[in-house]
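Reader: I should like to go through this model with you, one topic at a time. May I begin with the aromatic side chains?

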Amino acid sequence: MRVTCLAIDMREGFQANARWYLADAALAITLAASFALAARAKGFDASLVPCNFGNLMANALAGMAAFLPSPQEPFAFPASWAVTMLLLAYMTLGYPYRDLTGFGQKVLISSGRRLGWWLSKCAWVFMSVIAFWVAFIGATALTALVLGGNLTLSVSPDIQRVLRWNVLVRFDEGSFAAFLLCVPIGTVAICMAQLCLSLFIRPSLSYLATFAGLFLAAFYYHIPLLLGNYLMALRTPGVVGSGFPPLAGLALSLVIIGTSIGMGAWRFSRMDILEKEQ
């Protein structure tokens, strides 16, 4: 039952999201191209700020630096970073709900094996997030090569002037590589928590909760339990020399993933799936 359910989810779920993976790749290319245009428009040639993989990923995942409320520094929500995160969250929420209120519901009623259904959806969410980042990173790497850059991870000091960051770049390759690993696992945790929450409230409300969590992470820098803090390049030691360690983000992500799977299994085993359709 579990193997069959997983195979169906992989086929149906990825087919349902095919257009979103194209949007994902298009978003990565757009962010990379906008960086290249900004660098050249401000007079930075390729020797100062190359369109290499590291610069393009730092731009795409920049987020925002630590926000300290003051009249001189109004809050500016990191829109491009949030769009990437929210696109991923949206992609992973629709299919499980549609399956629960459609064909999957009939399978559940006939078999009664709820745990298999739930674990299959968790596996599908994990694979969907990884596929999202494979497409995003692949499109970014390809764009870097097209723009004359290379695939090195280095982040140029002058990127701060191109993107008007209010912090200096203190690049560390090992820490930045760990950050790039933390981002996919961290977003798995966010999407898994969102899926679990959708069993308690309506999926649309769980999506709003995801947005609220990202907003709070952007606004409240000093709360290490807000996972979004670990997913911003401007808050990782590999780019700015201080901030939230990627390994701590990975540990927090694994705790959230485990808790979400466990709580979701408990909730789903007791949930009236016919009522959920309402």
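Reader: Which residues do ring pairs link into a cluster?
Author: This is a predicted model. In it, ring pairs join Phe-77, Phe-211, Phe-215, Phe-219 and Tyr-220 into a cluster.

Reader: How many aromatic pairs are there in the whole structure?
Author: A search of the whole structure gives 15 aromatic pairs. One of them is formed by Phe-132 and Phe-136, whose ring centres are 6.3 Å apart and whose planes stand at 15°, so this pair is stacked.

Reader: Where do Phe-132 and Phe-136 sit relative to each other in the helix?
Author: Both belong to helix α6, residues 114-146, and they are four residues apart, so about one helical turn separates them. In general, an α-helix has 3.6 residues a turn, so residues three or four places apart point the same way.

Reader: Is Phe-132 buried or exposed? And Phe-136, buried or exposed?
Author: Phe-132 is buried, at a relative accessible area of 0%. Phe-136 is buried too, with a value of 0%.

Reader: Returning to the cluster, why is the pair of Phe-219 and Tyr-220 described as edge-to-face?
Author: The planes of Phe-219 and Tyr-220 are at 70°, and an angle over 60 degrees counts as edge-to-face. Their ring centres are 5.0 Å apart. Phe-219 is partly exposed, with a relative accessible area of 25%, and Tyr-220 is partly exposed at 42%.

Reader: Which residue lies over the face of Phe-200?
Author: That residue is Arg-267, at 5.4 Å from the centre of the Phe-200 ring.

Reader: Let us move to helix packing. How do the axes of α4 and α6 meet?
Author: Helix α4 covers residues 79-100, and its axis comes within 10 Å of that of α6, the two crossing at roughly 150°. The two helices are therefore roughly antiparallel to each other. The crossing is right-handed.

Reader: Which residues make that contact?
Author: From α4, the contact includes Met-85, Leu-88, Met-91 and Tyr-95. From α6, the participants include Trp-117, Trp-124, Trp-133 and the two residues of the stacked pair, Phe-132 and Phe-136.

Reader: What angle do α2 and α6 make?
Author: The axes of α2 and α6 cross at roughly 35° and come within 8 Å. This crossing is right-handed. Residues of α2 including Tyr-21, Ala-25, Ala-28 and Ala-32 meet residues of α6, among them Phe-132, Ala-135, Phe-136 and Ala-139. Phe-132 and Phe-136 are thus listed in the contact with α2 and in the contact with α4.

Reader: Why is α3 described as largely enclosed?
Author: Eight of the eight residues of α3, residues 53-60, are buried, so the helix is largely enclosed by the rest of the structure. The buried residues include Phe-53, Asn-55, Met-57 and Asn-59.

Reader: What covers the buried residues of α3?
Author: The cover includes α2 (18-41), α4, α6, α7 (159-162) and α8 (173-197).

Reader: Since you mention α8, how does it pack with α11?
Author: Helices α8 and α11 pack at an angle of about 20°, with their axes 8 Å apart. That makes them roughly parallel. Their crossing is left-handed. On the α8 side the contact includes Phe-179, Cys-182, Ile-185 and Met-192, and on the α11 side it includes Leu-250, Leu-254, Ile-257 and Met-263.

Reader: What is Ile-190 in contact with, leaving aside its neighbours in sequence?
Author: Beyond neighbours within four places in sequence, Ile-190 is in contact with Thr-210, Leu-214, Leu-227 and Leu-231. Ile-190 belongs to helix α8 and is buried, with a relative accessible area of 17%.

Reader: And Gly-262, in which helix does it lie?
Author: Gly-262 lies in α11, which spans residues 246-270. Gly-262 is partly exposed, at 39% relative accessibility. Its C-alpha atom is 9.8 Å from that of Leu-119, although the two residues are 143 residues apart along the chain.

Reader: One last matter. What is the phi of Arg-164?
Author: The phi of Arg-164 is near 60°, a positive value in a residue other than glycine. As a general rule, most residues other than glycine have a negative phi. Arg-164 is in the loop between α7 and α8, and at 72% relative accessibility it counts as exposed.

Methods:
Residues are numbered from 1 along each chain as its sequence is written. This is a predicted model: local features need pLDDT of at least 70, side-chain atom pairs count only at pLDDT 80 or more; totals for chains, interfaces and linings use all residues. Side-chain values use heavy atoms; hydrogens and water are left out. Rings of Phe, Tyr and Trp (its six-membered ring) pair if their centres lie within 6.5 Å; planes under 30 degrees apart count as stacked, over 60 as edge-to-face and the rest as tilted. Buried means under 20% relative accessible area, exposed over 50%, partly exposed in between (1.4 Å probe, protein chains only). A charge sits over a ring if NZ of Lys or CZ of Arg is within 6 Å of the ring centre and within 35 degrees of the ring normal. Axes are lines fitted to C-alpha atoms, for helices over the stretch in contact, and angles run from 0 to 180 degrees between N-to-C directions. Angles under 35 degrees count as roughly parallel, over 145 as roughly antiparallel, 65 to 115 as roughly perpendicular and the rest as oblique. A crossing is left-handed if the near helix is turned anticlockwise from the far one by less than a right angle, and right-handed if clockwise. Contact means heavy atoms within 4.5 Å.
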